[in-house]
Amino acid sequence: MILDLRIPLGLMFTLTGMILTLFGLKTDGDAALYARSLGINANLWWGIVLLAFGLTMLILGRRGQKHLERQPPEPMEEGRQQRGH
Amino acid sequence: MLNLTYIDWLIMLLYFAFVLGIGFALKRSMKTSKDFFQAGRALPAWICGLAFISANLGAQEVIGMGASGAKYGLETAHFYGIGAIPAMIFVGIFMMPFYYGSKARSVPEFLRMRFDEKTRALNACSFAVMTVFSSGISMYAMARLIQALHVFDGLFHALGLAPEGIFTFSIVLSAAIVLLYIFLGGLTSAIYNEVLQFFLIIAGFLPLVLLGLRNIGGWSGLKASVPMAYMHEWKGVAHASTNPMGIEIIGLGMGLGFVLGSGYWCTDFLVIQTAMASKNMESARRVPLIAAIPKMVFPFLVILPGLLAIGLPTPHTTTTVRTVNRVIYHDTTIVSQQVEQGRGLVPAKINPVTGKPMLTASGQPLLDYDMATPNMLLHFFPTGILGLGLTALLASFMSGMAGNVTAFNTVFTYDLYQSYIRKGASDRHYMAVGRWATVGGILLSIATAYAAINFNNIMDTLQLVFSFVNAPLFATFLLGMFWKRATGHGAFAGLIAGTAAAMLHHGLTLPIEARTGIHGGWITVLHHYPSDMAQNFWGAIFAFGTNFIVAVVVSLVTEARPEAELVGLVHSLTPKPARALIAWWKRPEALAIGVLLGAIAVNIFFY
């Protein structure tokens, strides 16, 4: 495996979370916009959740990638055990 | 009706960029056909596990489960509790050792190893045809939904294009994206993107459920606003007349649990391919079990939006009067007949010719259940998070399509091209064939999507034919893996007889309130079922039973294969793998028991 999946995954959610959070901050208090979501600033709150998720994945992914690079990928034999990712 | 702003487009574009970026990043690691078709058999179990359920989480699942939630209530969760989870545990614990251990590269190839060439050819051909048509149906459904939601209307208007082009634009866009990332990165790319889509679907649907529940007054509010039978998964299941699906416990357990669920999760290469891509046997066995964990909580995510849509108040045309500076204003909110005749947020189906709502035989408006989940998105999401929700919907369409396309290119290349067209070519040659099979498969899918516009019934007909072919399959695998006496002739005869039995059953029975034709009874009507669901389940039971009996009888009168050839393919002839290296709690069996207990807990909660 060349690429730890958690890196692109984390990056995508970090960026999406950032976009939503910033947009939520900008539009905070816009009652007409948030009438649909029952007066909750859905962009801001969900943006923060996604941002946290994205950053966690990114940190885990970077650690995984370093781990991968230290041990060049070798195909595992069937039935043998491998530690970590 | 739908106002998308730059922020929605930004999120959508970001997703497309990542999907394609993954394809490009993986291109350089595609060196052999094993890398391309089998992801090098080197992926960790958690990635394969999430891809395992994501491959199934296509449009039919997300839209269909929402629709079913609106139509039948929480009983829909049986598709997960009885249909999927036990089958996933079974395939992980008992069947994966043979799929993975036999080193077969595809499910049809396993059939050749266990039985014979003709059984493989039959399965490979029907499977290849089905995957192409399924991805075409998926594309058609997506394009229709995009049209109905007016996603691209603003864009087309701004660019001065005719709105008629939206259907083609949606199809070409999604096909091009899926094609590009599979062409570049093969199965690895498809699996990586399926995991991305998995998280995106959660990110898009979880806030929807939370907002919906908050609006309706939480769980107790939901209970108060839908009929009582909708809120119980098991209560009333003993008799067909006391539950919304109209199916009794035997048909449900046998039909859905034993035949349809297992037939899909244990034999369909679409999902099995992701497990076969993992790095070792223990991982491969853990893949379906890991997949079963999110599957347990998915009823919350995909069924609840539909149920909430039914429970929410139906919008009506209202007039409010207000006085400002002694001027009286009458504010009228006009709601179309389609919405007003519907129930909750589920609109009525409108006859395109008369513009009037279509009625059922008993005079009630026919509801367009497929719009339940999409309408929830539009109702609750403001711009911004709406972009995320729509992207999640698009992602689900694409993940379903991608799974079909990678399954198609593998089966085509290994089981049809390499076996019957050109044997013994170089590995590079087969990899190139796989890439072009991807292109060909997608072009055929596009053709199917267009055929679906011109022939109204083609989708229903295709799905019906698939169900005839799929229903008996599980019996063949069960006999193959657990009965060493089963022979190739037996398997082949059983498959043909099972499919014939499914057709015969469909031709002789009819659900109540349906007309003869596509719904059944095209030979003559011998029996009426309370619902089409009941008809499906019993049809599957008959097909499975016929296959089982015919395969056993024919096997007993034909010559058995020598036992030495069946080592690693049949349970009783395969030595148990050494387990000393792994702590007991890391073994797949321990995980399986945990999943089973979790599934029971969820079922008790929804009783």
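**Helix packing in chain B**

Let me start with one pair of helices, since helix 19 of chain B passes helix 20 of chain B in a right-handed crossing. Right-handed means the near helix is turned clockwise from the far one by less than a right angle, and left-handed means anticlockwise; helices (H or I, at least four residues) and strands (E, at least two) are DSSP runs, numbered from the N terminus.

Before going on, I should say that this is a predicted model, in which local features need pLDDT of at least 70 and side-chain atom pairs count only at pLDDT 80 or more, while totals for chains, interfaces and linings use all residues. Residues are numbered from 1 along each chain as its sequence is written, with chains lettered from A and ligands numbered from 1 in the order in which they are written.

Back to that pair: helix 19 (residues 473-482) and helix 20 (residues 488-508) of chain B pack at an angle of about 160°, and their axes lie 9 Å apart. Here axes are lines fitted to C-alpha atoms, for helices over the stretch in contact, and angles run from 0 to 180 degrees between N-to-C directions. Helix 19 and helix 20 of chain B are therefore roughly antiparallel to each other, on a scale where angles under 35 degrees are roughly parallel, over 145 roughly antiparallel, 65 to 115 roughly perpendicular and the rest oblique. On the helix 19 side of chain B we find B:Ala475, B:Thr476 and B:Gly480, which meet B:Ala491, B:Gly494, B:Leu495 and B:Gly498 of helix 20 of chain B; contact means C-beta atoms, placed from the backbone, within 7 Å. By class, the residues of this contact between helix 19 and helix 20 of chain B comprise three nonpolar, four polar and no charged. In that scheme Ala, Val, Leu, Ile, Met, Phe, Trp, Tyr, Cys and Pro are nonpolar, Asp, Glu, Lys and Arg are charged, and the others, Gly among them, are polar.

My second pair is helix 7 and helix 16 of chain B, whose axes come within 9 Å and cross at roughly 155°. Helix 7 and helix 16 of chain B are therefore roughly antiparallel to each other, and helix 7 of chain B passes helix 16 of chain B in a left-handed crossing. The residues of helix 7 of chain B that take part include B:Arg120, B:Phe127, B:Thr131 and B:Met142, while those of helix 16 of chain B include B:Phe397, B:Asn404, B:Phe408 and B:Asp415. The contact of helix 7 with helix 16 of chain B has 14 nonpolar, six polar and two charged residues.

How many residues of helix 4 of chain B are buried? The count is 11 of the 14, so helix 4 of chain B is largely enclosed by the rest of the structure; buried means 20 or more other C-beta atoms within 10 Å of a residue's own, exposed means 12 or fewer, and partly exposed lies in between, with C-beta atoms placed from the backbone. Among the buried residues of helix 4 of chain B are B:Val62, B:Ile63, B:Met65, B:Lys71 and B:Tyr72. What covers the buried residues of this helix includes helix 7 (117-149), helix 9 (166-216), helix 13 (281-311), helix 15 (372-380) and helix 16 (385-421) of chain B. Helix 4 of chain B (residues 59-72) reaches 19 Å from its first C-alpha to its last, close to the 20 Å expected at 1.5 Å a residue, where the expected span is 1.5 Å times one less than the number of residues. After helix 4 of chain B comes B:Gly73, with a positive phi near 80°.

For comparison of span with expectation, helix 17 (residues 427-454) of chain B, with 28 residues, reaches 41 Å, close to the 40 Å expected. Its buried residues include B:Tyr430, B:Gly434, B:Thr438, B:Ile442 and B:Ser445.

Next, the end of helix 7 and what follows. B:Leu149 is found in helix 7 of chain B, and B:Leu149 is partly exposed, with 19 other C-beta atoms within 10 Å. The C-alpha atoms of B:Leu149 and B:Pro374 are separated by 7.7 Å, although these residues are 225 residues apart along the chain. B:His150 belongs to the loop between helix 7 and helix 8 (153-159) of chain B, and has a phi near 55°, positive in a residue other than glycine. B:His150 is partly exposed, with 16 other C-beta atoms within 10 Å.

Finally, the loop between helix 2 and helix 3 of chain B holds B:Arg41, which has a positive phi of about 50° although B:Arg41 is not a glycine. Is B:Arg41 buried or exposed? With 21 C-beta neighbours inside 10 Å, B:Arg41 counts as buried.

Methods:
Two residues are in contact if their C-beta atoms, placed from the backbone, lie within 7 Å.
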